[in-house]
Amino acid sequence: MSLTNSEISLLLKLFTAHMVSDYFLQFSSWSKDKEINKIRSKKLYLHILITFLAALLFSGSFWAALFIGVTHYLIDLGKIYLKMNRFVLFIIDQALHTLILLITWLLLIDGWHWLKESTIWLVDTPQTWILVFAYGVITFPLSVVINIFTDRWRSQLDPDRQESLQKAGLWIGVFERVLILTFILTNQFSAMGFLIATKAILRFKDTETKQMEYVLIGTLMSITPTILLGILAHYLIISL
């Protein structure tokens with residue numbers, strides 16, 4: 001069972017409605033007002049009204065728009081009262097909104113059978129697990145290996161020259177490897193070369209030999225396994 005163009009368009013319309021109401025038509029002053037006045041905030045209810053109208057306009061369904069509006073209100077209300085890391089809260093908030101949009105879309109197109117078939121196909125397809133394994137390995141597992149491998153040289157660096165943002169190197173490495181693996185799997189080798197060259201320009205301004213060598217070792221330890229794994233994953237995907 002495949003999706004029709006109109007069904008795909010409906011899903012995109014729902015996400016567009018969310019983008020318009022949650023970002024373009026919700027201002028920073030509204031968010032501050034919701035944090036201060038919480039459930040009594042007039043901006044909260046104005047935002048929900050805009051959310052409802054955007055969903056109605058893009059979906060053409062009153063009941064779908066009502067469902068999205070009510071659930072959006074409950075999610076935003078929970079977000080206002082929860083006390084936790086701002087980034088984590090944002091991810092949870094958007095994940096819940098996305099889930100609601102997907103459920104709404106499936107209800108509108110009666111797509112539960114399609115969802116079941118697609119899920120079974122994804123789970124039973126070896127290419128799926130090749131991608132899951134490849135992307136999984138290059139994130140935090142490889143970061144642990146790099147950290148252990150480079151530990152012998154870290155103590156030799158000048159402490160006064162090691163100032164950096166907390167865990168910035170970890171996240172730079174993770175995103176770098178995700179991009180490199182993606183470029184390899186999509187045959188975008190020129191983009192991969194541009195990424196590596198850009199990092200080299202930014203990171204090798206340091207004239208201190210030990211610091212430069214340490215960065216170079218860490219970079220090669222990050223890039224080399226990712227490239228090799230990417231080539232292997234690409235070969236397996238097209239071969240199976």
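**From Thr71 outward**

The backbone oxygen of Ile68 and a polar atom of the Thr71 side chain are 3.1 Å apart. The model is a predicted one, and this pair of atoms serves as the starting point for a walk through it. A second backbone oxygen, that of Phe67, lies 2.7 Å from a polar atom of the same side chain, Thr71. Thr71 itself sits in helix H4. Its relative accessible area is 14%, and because buried means under 20%, Thr71 counts as buried.

Ile68 leads on to the nonpolar interior. It is one of the twelve residues of the largest nonpolar core, which also includes Leu10, Leu11, Leu14, Phe52, Ala55 and Ala65. The remaining members are Leu101, Trp105, Leu106, Ile109 and Trp114. Four helices each supply at least two residues of this core: H1 (5–24), H3 (42–59), H4 (62–81) and H5 (86–109). The most comes from H5, which gives four residues.

One member of the core, Trp105, can be followed through its contacts. Leaving aside residues up to four places away in sequence, Trp105 touches Leu10, Leu11, Leu14 and Trp114, and these four are listed in the core as well. Trp105 also touches Leu3 and Glu7. Another core, of seven residues, lies apart from the largest one, and among its residues are Ala134, Leu181, Leu229 and Ala233.

Ala17 gives a view from helix H1. Ala17 has a relative accessible area of 4%, so it is classed as buried. With residues up to four places away in sequence excluded, its contacts are Ala54, Ala55 and Phe58. Of these, Ala55 is a residue of the largest nonpolar core. Ala17 and Thr51 are 34 residues apart along the chain, while their C-alpha atoms are separated by 7.5 Å.

Helix H2 (residues 28–37) holds Lys34. Is this lysine, Lys34, buried or exposed? Lys34 is buried, because its relative accessible area is 8%, which falls under the 20% limit. Beyond residues up to four places away in sequence, Lys34 touches Gln26, Ser41, Lys43, Leu44 and His47. Asp76 and Ile80 are further contacts of Lys34.

The second largest pocket has H2 among its contributors: H1, H2, H4 and H5 each supply at least two residues of its lining. The volume of this pocket is about 700 Å³. Its lining is made up of 22 residues, and those nearest the centre of the pocket are Ser31, Glu35, Lys79, Arg86 and Leu89. What is the character of the residues in the lining of the second largest pocket? Ten are charged, seven are nonpolar and five are polar.

The last stop is Trp129, in helix H7 (residues 126–138). Its relative accessibility is 47%, so Trp129 counts as partly exposed, the class that runs between the 20% and 50% limits. Not counting residues up to four places away in sequence, Trp129 touches Leu122 and Val123. From Trp129 to Ala197 the distance is 31 Å, C-alpha to C-alpha, and the two are 68 residues apart in sequence.

How values were computed. Residues are numbered from 1 along each chain as its sequence is written. This is a predicted model: local features need pLDDT of at least 70, side-chain atom pairs count only at pLDDT 80 or more; totals for chains, interfaces and linings use all residues. Side-chain values use heavy atoms; hydrogens and water are left out. Buried means under 20% relative accessible area, exposed over 50%, partly exposed in between (1.4 Å probe, protein chains only). Contact means heavy atoms within 4.5 Å. A nonpolar core is a set of buried Ala, Val, Leu, Ile, Met, Phe, Trp, Tyr and Cys residues joined through side-chain atoms within 4.5 Å. A polar contact is a pair of N or O atoms within 3.5 Å; within protein, one must be able to donate a hydrogen and the other to accept it, and residues adjacent in sequence count only if both atoms are side-chain atoms. On a 1 Å grid over the protein atoms alone, a cavity is a set of points where a 1.4 Å probe fits but cannot get out, and a pocket is an open set with protein on both sides within 12 Å along at least five of seven lines; lining residues have an atom within 4 Å of a point. Grid points are joined across faces, edges and corners, and a volume is the space filled by probe spheres set on the points. Ala, Val, Leu, Ile, Met, Phe, Trp, Tyr, Cys and Pro count as nonpolar, Asp, Glu, Lys and Arg as charged, and the others, Gly among them, as polar.
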